[in-house]
Structure formats: C-alpha cells, structure tokens
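Here are my notes on the structure below, set out as numbered points. They begin with the space inside the fold and then turn to the charged pairs and one helix.

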Amino acid sequence: MAGKIREEDVTTVRERARIDEIVRETVTIKAAGGGSYKGLCPFHDERTPSFHVTPSKGLYHCFSCGEGGDVITFVRKIDALSFTEAVEKLAGKYGITLRYEEGSGSGSGQQGQRARLIEAHKVATAFYRTQLSSPDAAHARTFLTERGFDPESWELFGVGYSPAGWDGLRNELRGKGFTEEEMITAGLAVSGQRGAYDRFRDRVMWPIRDSSADTIGFGARKLTDADQGPKYLNTPETPIYRKS
Ligand SMILES: [Zn+2]
C-alpha cells in the first residue's frame, strides 16, 4: 500500500478544499458576519449555534465543546477516517493527484487505497443495477414492486441485483483491473480455496453511501428460502466502511 502523502500535496488539499463547502455537506451554516459562518455543532448536542466556520482561515471551531481544526480534521472527525484517508477523500473530490513518499508504486499517480475501494464500489453498483434488468432477476423485480418500489425509485436509490453465480462481480472487477485482494478488502468478495468469490449472490442490493454520496458498502436482502444465509447481509467492516 501507498506510504505517506507528500507534504506539499497535503498543503494543496488544505488550500483547495473549501471548508465551508465541506462543512455544508453535513451542517447547515449561516453567515455570521465578518465572512464567517455558524451553525449547530455536529460534535455535540446543542440548540443554539456555537459552531463557527471561518473560510478565510480554513478553520472551524465550536465555542461550546471546543472541537476545532482545519478541513482535513473536520473530514477525519465527521467520517471517522485516518489522516491519510481524509486527505485522499478530499483529493478525490477536488481532483487533486496525490504523490506518496514511499511505497511499492512508482510514486506518482498511484491511487490511494480509499480511492480504489470507492472505485470498486462504483463498478459494483453499476454492475448490480444492470443485473436488475436481466431475465434472471425477475424475482428481484417482483420483490421490489410488491413492496412499493417502482423502477423509478430503483433508479433513485441505486438498487440492484447480485446474480446467483459465484463470480459475476468478481469477473467484472477483474476485467476492470481490480485484484482479488482489493475485492476482498472492499468486502465485495470472500477469500475461498480456489480464489475470491462473490460475497453477495441472488440478493437485492441497496447501496450504503457516505456523506459525499459515494457508495461504501451494500445492504443485501435475500430473495429465496433456498438461500441459507441471513435475511440481510451487509458489507463487513472495511477500511472505507466502519460500523459505529
Ligand atoms: Zn461542539
């Protein structure tokens, strides 16, 4: 895996990622004069806003509970990420290419783990959605329709279908250049004696998204009694999906 992100790239992320924009994804903030904003603190319960954001300084601070920091600190705290993951997430959002101090790659242009796992979930989401229209997914469509989910809402929620075979998604991901290790780390595949196989089979798939609307996992509902697994099977804990 990649090593430490180069300091100058961290600086670029800190400068380009607008703290007010990032904070607004989770907190409603209003102009508070002097170019700063305030809103209800996401880190403690309150009814009177004491959470301040100052874009000109790139900082936030809660005068009530004392939480504060820059845009990277905010993403780390709000999404429970490591420093590196938070920087990678922001870099992805603002189209900044990160370089790493050390690691197995060539150093330049290599993607961080988080970006790879998010990308794998994008491929999986598209794959499952396509599968939902296949002839083999008739029972999945019936299941959804009977519960009041029409095709329009499938689209809206990104609902899909994981085929019953053992290698549909694995082959799709492999075709897009993902290694078995990445599929397993992403929680999309399981390690077996003859290599990785699909974790989710013959299930209705609901994407689990983070605050940036990136899919980071799936909730999978079983469809037949022949399925010996649990009624709901979720993505296990992964580097991008933490169950609190
Ligand atoms: Zn607070």
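1. The model is a predicted one. In it, α3 and α4 each contribute at least two residues to the lining of the largest cavity, and the greatest contribution to that lining is made by α3, with four residues.

2. The search of the whole structure returns one cavity of 30 Å³ or more, and the space within the largest cavity comes to about 70 Å³. Its lining consists of I22, E25, T26, F74, V75, I78, D79, K89, L90, K93, S211 and S212. Sorted by class, the lining of the largest cavity holds five nonpolar, three polar and four charged residues.

3. Two residues of this lining, D79 and K89, deserve a closer look as a pair. D79 and K89 form a salt bridge in which the closest N and O atoms are 2.6 Å apart. This pair links distant parts of the chain, since D79 belongs to helix α3 and K89 to helix α4 (residues 83-94), with their positions ten residues apart in the numbering. With a relative accessibility of 10%, K89 counts as buried, because the cut-off for that class is under 20%.

4. K89 also takes part in a salt bridge with D210, where the N to O distance is 3.3 Å. D210 sits in the loop between β9 (203-209) and β10 (215-222) while K89 sits in helix α4, so this salt bridge ties together parts of the chain that are 121 residues apart in sequence. Both partners, D210 and K89, are buried.

5. A further salt bridge joins the side chains of K77 and E67, at 3.0 Å from N to O. Because K77 lies in helix α3 (residues 71-79) and E67 in the loop between β4 (59-62) and β5 (68-70), the pair ties together parts that are ten residues apart in sequence. Here K77 is partly exposed, at 38% relative accessibility, and E67 is likewise classed as partly exposed, at 22%.

6. For the structure as a whole, the count comes to 16 salt bridges. R6, E8, D9 and R99 are connected to one another in a network of salt bridges.

7. D79 appears again in the second largest pocket, where D79, A80, I216, I240 and R242 are the residues nearest the centre, out of a lining of 15 residues. The elements giving two or more residues to that lining are α3 and β9, and the largest share, three residues, comes from α3. The volume of the second largest pocket is about 220 Å³, and its lining divides into seven nonpolar, one polar and seven charged residues.

8. What span should the 19 residues of helix α5 (residues 113-131) have, at 1.5 Å a residue? The expected span is 27 Å, and the end C-alpha atoms of α5 are 27 Å apart, which agrees.

9. The buried residues of α5 are R114, R116, L117, I118, A120, H121, V123, A124, T125, F127, Y128 and Q131. Together, these buried residues of α5 pack against α4, β6 (160-162), α8 (168-175), α9 (180-185), β9 and β10. Of these partners, α4 is also the helix that holds K89, while β9 and β10 are the strands on either side of the loop that holds D210.

Technical notes. Residues numbered from 1 in each chain as written. Predicted model: local features only at pLDDT ≥ 70, side-chain atom pairs only at ≥ 80, totals over all residues. Heavy atoms only, no water. Salt bridge = Lys/Arg side-chain N within 4 Å of Asp/Glu carboxyl O. Buried < 20%, exposed > 50% of the residue type's maximum accessible area, 1.4 Å probe, protein only. 1 Å grid on protein atoms, 1.4 Å probe; cavity = no way out; pocket = protein on both sides within 12 Å on 5 of 7 lines; lining within 4 Å. Points joined across faces, edges and corners; volume = space filled by probe spheres on them. Nonpolar A, V, L, I, M, F, W, Y, C, P; charged D, E, K, R; others polar. Expected span 1.5 Å × (residues − 1). Contact = heavy atoms within 4.5 Å.
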